[in-house]
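Here is a short report for a reader meeting this structure for the first time. It goes from the spaces inside to the core, the cysteines and the backbone.

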Amino acid sequence: MSGEPEVHEEFEARLKAYEGRPAAATGVGRDPVNEPMIRHWCEAMGDTSPAYTGPDAVAPPTMLQAWTMAGLTRRPERTAAYDELLTLLDESGHDAVVATDCEQEYLRPLRPGDEITFDSVIESVSGRKTTKLGAGYFITTRTDVRAGGEPAGTHRFRILKYAPAHRSSKPAERRPRPVVNRDNAGFWEGVARHALLIQRCTACATLRFPWLPGCTGCGSPDWDTVEASGEGTVHSYVVMHHPPFPAFEPPYAVGLIELAEGVRIVSNVVGVPYDKVRIGMPVRLEFRRYDDELVLPVYQGVAP
C-alpha cells in the first residue's frame, strides 16, 4: 500500500507474530576462520595484538559476525519468515532501513581452520517508534554462532525499518557536477556543443586523454584538438550494485571505453542491460542531458 504508513493495533500484532521465528536456518560460513581475513581485519582496525599472529593465533572476538556474512549475495539460509516480515513493513510504507546497533557475546576463541555454522532468530519487533529519520519499527535478530559444532558466540543485530520523514518534500537529487578547471575547460566546452574533443600534441602528434597541461610523450606544452568519431569498444567494465549514491540507480555499468582514435575514457554504458555488457562490445557515443545544466558523454551499446 502507498501513502501514510499503516499504524494500528492489528498491524503491530501481525509484526509481533514473527518474534521467535527463524531468520536464517543451518547457515554455513563461506570460509573457515583463516589468517588472511584476520590479518586484513587487524590492519583495517589498527590492532597489533600479538594474540592474532603466529602459530597459536586466535581471531579477534569482534570478527564474530564477519565469519557469517554473505557479501552482496542473498544467502540461501535466509528464511521466508524474515522476508515476509520485511515485505510487510515495505508494503505498509516503512520501506527504508538503517542498521542501528549490535551486541556480541563470546563463548570461545575462534582459531584458523574452525568451520563456522549458525542459526538466526527474529528475537524482537518493537512497537512503533518515532525518530529523526522517520517513524518505524526496530527489528532485532539473534545469531548463534558455532565452531566445529560447539557454541562460539552470540550476535544480536538491530535495524530500523522506517517511513522517511518528509518523503514527499525531498527535492530530487542531482548528479554530481564535474570539476572544471583551466586544464580541462576546453573539453567541457566541447561536450556542451556535443563534441568529444581529444588533445593532440602539436610537436609529436600524440593524442592524449584525459586532458593534461603537457604532452606525456615529448613534454611539449603546445596542443590542439581533434574531435572523436564516436566509435569505440568496451575495454573493461564494472557493474555498480553497492553502495547506492544519490541520483544513481544501481545496478548500472561503468565502462573503460577504448575510442577508435586509441585513447580511453571512463563513462556509463547505456542502452543495453547491465548484465549484457561485455569486453569488446562495440559502443557509440551519445550525449545525454541529466538536468538544465548537465550534459555528459555516455556510450550506447551496439547490438551484435
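## The cavity

Ala, Val, Leu, Ile, Met, Phe, Trp, Tyr, Cys and Pro count as nonpolar, Asp, Glu, Lys and Arg as charged, and the others, Gly among them, as polar. With those classes, the lining of the largest cavity has seven nonpolar residues, two polar ones and no charged ones. The model is predicted.

How many cavities of 30 Å³ or more does the structure hold? It holds one. The volume of the largest cavity is about 40 Å³. Its lining is made by M240, H241, H242, P243, P244, F245, F248, P250 and Y252.

## The second largest pocket

The second largest pocket contains about 450 Å³ of space. It is lined by 19 residues. Closest to its centre are W188, V266, S267, N268 and L296. Four elements give two or more residues to this lining: α4 (185–192), β11 (252–259), β12 (264–270) and β14 (295–301).

Which element gives the most to the lining? That is β12, with five residues. By class, the lining of the second largest pocket has 14 nonpolar residues, two polar and three charged.

## The largest nonpolar core

In soluble globular proteins, nonpolar side chains tend to be buried together. Here, the largest nonpolar core has 24 residues. Those with the most contacts inside it are L196, V234, I257, L259, I265, V269 and Y299. At least two core residues come from each of α4, β7 (197–201), β11, β12, β13 (282–289) and β14.

Take I257 as one of these core residues. Leave aside its neighbours within four places in sequence, and I257 is in contact with G232, T233, V234, H235, V263, R264, I265, V269, V283 and Y299. Among those partners, V234, I265, V269 and Y299 are also listed with the most contacts inside the core.

## Cysteines

The structure holds zero disulfides. C42 is in none, and the nearest cysteine sulfur, that of C102, is 17 Å away. Why is there no bond for C102? The closest cysteine sulfur, in C42, is too far from the sulfur of C102 for a bond, at 17 Å. A disulfide needs the two sulfur atoms within 2.5 Å.

Are these two residues buried or exposed? C42 counts as buried because its relative accessibility is 8%, and buried means under 20%. C102 has 45% relative accessibility, so it counts as partly exposed.

## Cis peptide bonds

Two peptide bonds that lead into prolines deserve a look. The bond from F209 to P210 is cis, with omega near 5°. P210 sits in the loop between β8 (207–208) and β9 (223–227).

The bond from P250 to P251 is also cis, with omega near 0°. P251 is in the loop between β10 (231–240) and β11. P250 also helps line the largest cavity.

## Positive phi values

T26 is not a glycine, yet it has a positive phi of about 50°. This residue lies in strand β1 (residues 22–28). T26 has a relative accessible area of 63%, so it is exposed.

H194 is another residue other than glycine with a positive phi, near 65°. H194 lies in the loop between α4 and β7. Its relative accessibility is 45%, so H194 counts as partly exposed.

## Two loop residues and their partners

D56 is placed in the loop between α2 (35–45) and α3 (80–91). At 69% relative accessibility, D56 counts as exposed. D56 and G27 are 29 residues apart along the chain, and their C-alpha atoms are separated by 27 Å.

G271 is in the loop between β12 and β13. Its relative accessible area is 57%, so G271 is exposed. How far apart in space are G271 and G301, which are 30 residues apart in sequence? C-alpha to C-alpha, they are 5.8 Å apart.

Definitions and conventions. Residues numbered from 1 in each chain as written. Predicted model: local features only at pLDDT ≥ 70, side-chain atom pairs only at ≥ 80, totals over all residues. Heavy atoms only, no water. 1 Å grid on protein atoms, 1.4 Å probe; cavity = no way out; pocket = protein on both sides within 12 Å on 5 of 7 lines; lining within 4 Å. Points joined across faces, edges and corners; volume = space filled by probe spheres on them. Buried < 20%, exposed > 50% of the residue type's maximum accessible area, 1.4 Å probe, protein only. Core = buried A, V, L, I, M, F, W, Y, C linked by side-chain atoms within 4.5 Å. Contact = heavy atoms within 4.5 Å.
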